[in-house]
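Here are my comments on the model, set out as numbered points for you to read beside the coordinates. Each point takes up one residue or one region.

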Amino acid sequence: MFPFSDAEFAEAIDCLKQLLRLDTTNPPGNERPAAELIGRWLRDEGLTPELVGASPERPNLVCRLPADPAHRKARPLVLSCHLDVVPADPARWTHPPFAAVEADGCLWGRGAIDMKGFAVMGLMMIRLAKRRALPLDRDLIFVAVADEEAGTECGSQWLVENRPDLLGGAPEYVLNEVGGFTIHREGKRFYPVQVAEKGLAWLRMTASGTPGHSSLPDADNALAALAWAIDRIASARLPWHVSPAARDFIGGMAAHIGALGKWLSPLLFHPVLGPRLLPLAIPDENRRRSVEAVLRNTANPTLIHEGGKKINVIPAKAAVDIDGRLAPGQSAEYLIEELRIVLGDRKGERFQFEILSEKPATVFSPDTSLFSVIRETLGRQDPEGIVVPSIIPGFTDSQNYARLGATCYGFYPLRLPEDLDFAALFHGDDERIPLEGFRWGIETLGETLTRFAGAS
């Protein structure tokens with residue numbers, strides 16, 4: 001077991017409280033105070049963190065703990081977190097989102113789960129490795145980036161494109177979000193470890209019409225056409241695209257939840273039967289939406305652009321931005337074609353699409369020595385737990401680290417009670433981290449790193 005004292009845990013809680021009290025809501029981000037605070041803690045240990053980035057107010061922190069050259073035999077391992085958080089409405093929270101209140105066995109605050117909790121885990125790993133003079137067989141690099149919640153442009157993307165040297169040039173592995181937390185299903189405890197994430201296709205759809213004076217009826221109103229199209233897209237269920245990563249994740253869980261699950265899971269992957277059987281297999285709508293999201297492309301209208309300039313003028317055009325997420329193997333062009341079919345506009349005569357941003361899905365193999373150590377460590381920490389490789393519908397900084405040739409896993413270990421839904425905490429009201437589960441996570445991460453990167 002990884003030795004972790006009460007005093008060290010109290011230190012970790014204090015660090016997390018201080019970070020949670022810094023409002024790094026993105027936009028605008030303003031991650032600098034958080035990065036400077038972590039930098040001070042690292043310098044107190046005799047380490048030399050660097051703050052670099054595209055903007056002085058939004059730096060990324062990178063700190064390397066080098067291995068002894070006599071023991072170094074592998075490329076670096078990176079522990080990555082982001083310091084920005086999504087907005088929080090204080091009126092909807094039990095405790096103020098930036099007060100770091102400790103109550104009911106949890107520490108409450110925006111970012112407690114996503115992902116200042118892991119920032120403190122990574123911080124404690126590199127501090128304890130330095131204090132204990134842990135012999136490493138590779139450099140350990142701690143990274144706290146900006147801007148993950150708004151696309152990574154100022155954060156991991158900037159680092160990969162401008163300062164890959166700080167990341168070891170070509171790190172072998174990156175540990176990041178989202179995985180290693182407890183999922184309770186049918187009396188079983190599962191620990192998904194993320195090996196894949198969907199791609200991104202941000203689109204702008206423009207509807208064209210006939211401009212004119214708004215005092216006259218007009219059947220060719222661009223705004224009316226846009227409203228109709230938004231409703232069609234929002235309610236559409238696009239075709240199944242079952243990737244091997246999705247098959248391994250869903251099938252891996254189904255194999256452990258009874259004979260019906262084993263029988264149903266292969267049928268869920270059928271392009272015609274799957275969409276019809278999923279509501280029967282997973283009656284709970286919230287759970288079903290999460291599973292459905294990794295089996296198809298998705299498209300959600302999110303931002304309407306001004307159609308006209310005056311209340312008495314029918315505009316010629318109106319537009320909406322669409323957040324599209326791509327299953328592995330899919331592209332923005334494939335998604336646009338699917339949306340054209342939904343709109344009955346295969347030739348693009350009424351609706352025009354522009355690709356604002358596109359990033360492919362990222363998939364990593366679970367057949368590695370690090371994944372094996374993760375699986376073994378989770379088995380020691382929870383002998384009844386079941387580890388499954390997973391895919392998430394969102395994106396993380398891993399999409400950028402992959403460009404350096406790194407194998408990236410979502411492994412942010414947290415032991416969660418059955419009445420606490422991890423998915424609901426992500427970007428949700430009353431975000432909080434259970435302190436007992438937080439300690440278990442630090443110990444689990446510590447044992448994983450010691451067993452994997454320890455030179456002995």
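1. Glu-45 counts as buried, because its relative accessibility is 15% and the cut-off for buried is under 20%. The structure is a predicted model, and in it Glu-45 sits in the loop between α2 (32-44) and β1 (50-52). Leaving aside residues up to four places away in sequence, Glu-45 touches Arg-127, Lys-130 and Arg-131.

2. Two backbone features deserve a look in the loop between α1 (6-20) and α2, where both Pro-27 and Pro-28 are placed. The peptide bond from Asn-26 to Pro-27 is cis, with omega near 5°, and a cis bond also joins Pro-27 and Pro-28, with omega about 5°. As background, most peptide bonds are trans.

3. Two residues that are not glycine have a positive phi: Ala-133, at about 50°, and Asp-147, at about 70°. Ala-133 belongs to the loop between α3 and β6 (140-145), while Asp-147 is in the loop between β6 and α4 (156-162). Is each of them buried or exposed? Ala-133 is exposed, with a relative accessible area of 60%, whereas Asp-147 is buried, with a relative accessible area of 3%.

4. The largest nonpolar core has 112 residues, and the members that touch the most other members are Ile-38, Phe-142 and Tyr-409. Helix α3 (residues 116-131) gives the most to this core, with 10 residues. A second, separate core has 24 residues, among them Val-320, Ile-322, Val-342 and Leu-343.

5. The second largest pocket has a volume of about 180 Å³, and its lining consists of Trp-202, Leu-203, Thr-302, Leu-303, Asp-321, Ile-322, Asp-323, Arg-325 and Leu-356. Two or more lining residues come from each of β10 (199-208), β12 and β14 (317-326), and β14 gives the most, with 4 residues. By type, the lining divides into 5 nonpolar, 1 polar and 3 charged residues.

6. Asp-323, one of the residues lining that pocket, is found in strand β14 and makes two polar contacts that should be examined together. One, of 3.0 Å, joins the side chains of Asp-323 and Trp-202, and another, of 2.7 Å, joins the side chains of Asp-323 and Arg-325. Both Trp-202 and Arg-325 are also in the pocket lining. Not counting residues up to four places away in sequence, Asp-323 touches Leu-200, Ala-201, Trp-202, Thr-298, Ala-299, Asn-300 and Thr-302. Asp-323 and Gly-344 are 21 residues apart in sequence, and their C-alpha atoms are 20 Å apart in space.

7. Which residues of helix α9 (residues 285-293) are buried? They are Arg-288, Val-291, Glu-292 and Ala-293, and the buried residues of α9 pack against α6 (244-254), α8 (273-281) and β12 (298-305). At the start of α9, a side-chain oxygen of Asp-284 reaches to within 3.3 Å of the backbone nitrogen of Asn-286. Strand β12 thus appears in two of these points, as a packing partner of α9 and as one of the elements that give two or more residues to the lining of the second largest pocket.

Notes. Residues numbered from 1 in each chain as written. Predicted model: local features only at pLDDT ≥ 70, side-chain atom pairs only at ≥ 80, totals over all residues. Heavy atoms only, no water. Buried < 20%, exposed > 50% of the residue type's maximum accessible area, 1.4 Å probe, protein only. Contact = heavy atoms within 4.5 Å. Polar contact = N/O pair within 3.5 Å; in protein donor to acceptor, adjacent residues only side chain to side chain. 1 Å grid on protein atoms, 1.4 Å probe; cavity = no way out; pocket = protein on both sides within 12 Å on 5 of 7 lines; lining within 4 Å. Points joined across faces, edges and corners; volume = space filled by probe spheres on them. Nonpolar A, V, L, I, M, F, W, Y, C, P; charged D, E, K, R; others polar. Core = buried A, V, L, I, M, F, W, Y, C linked by side-chain atoms within 4.5 Å.
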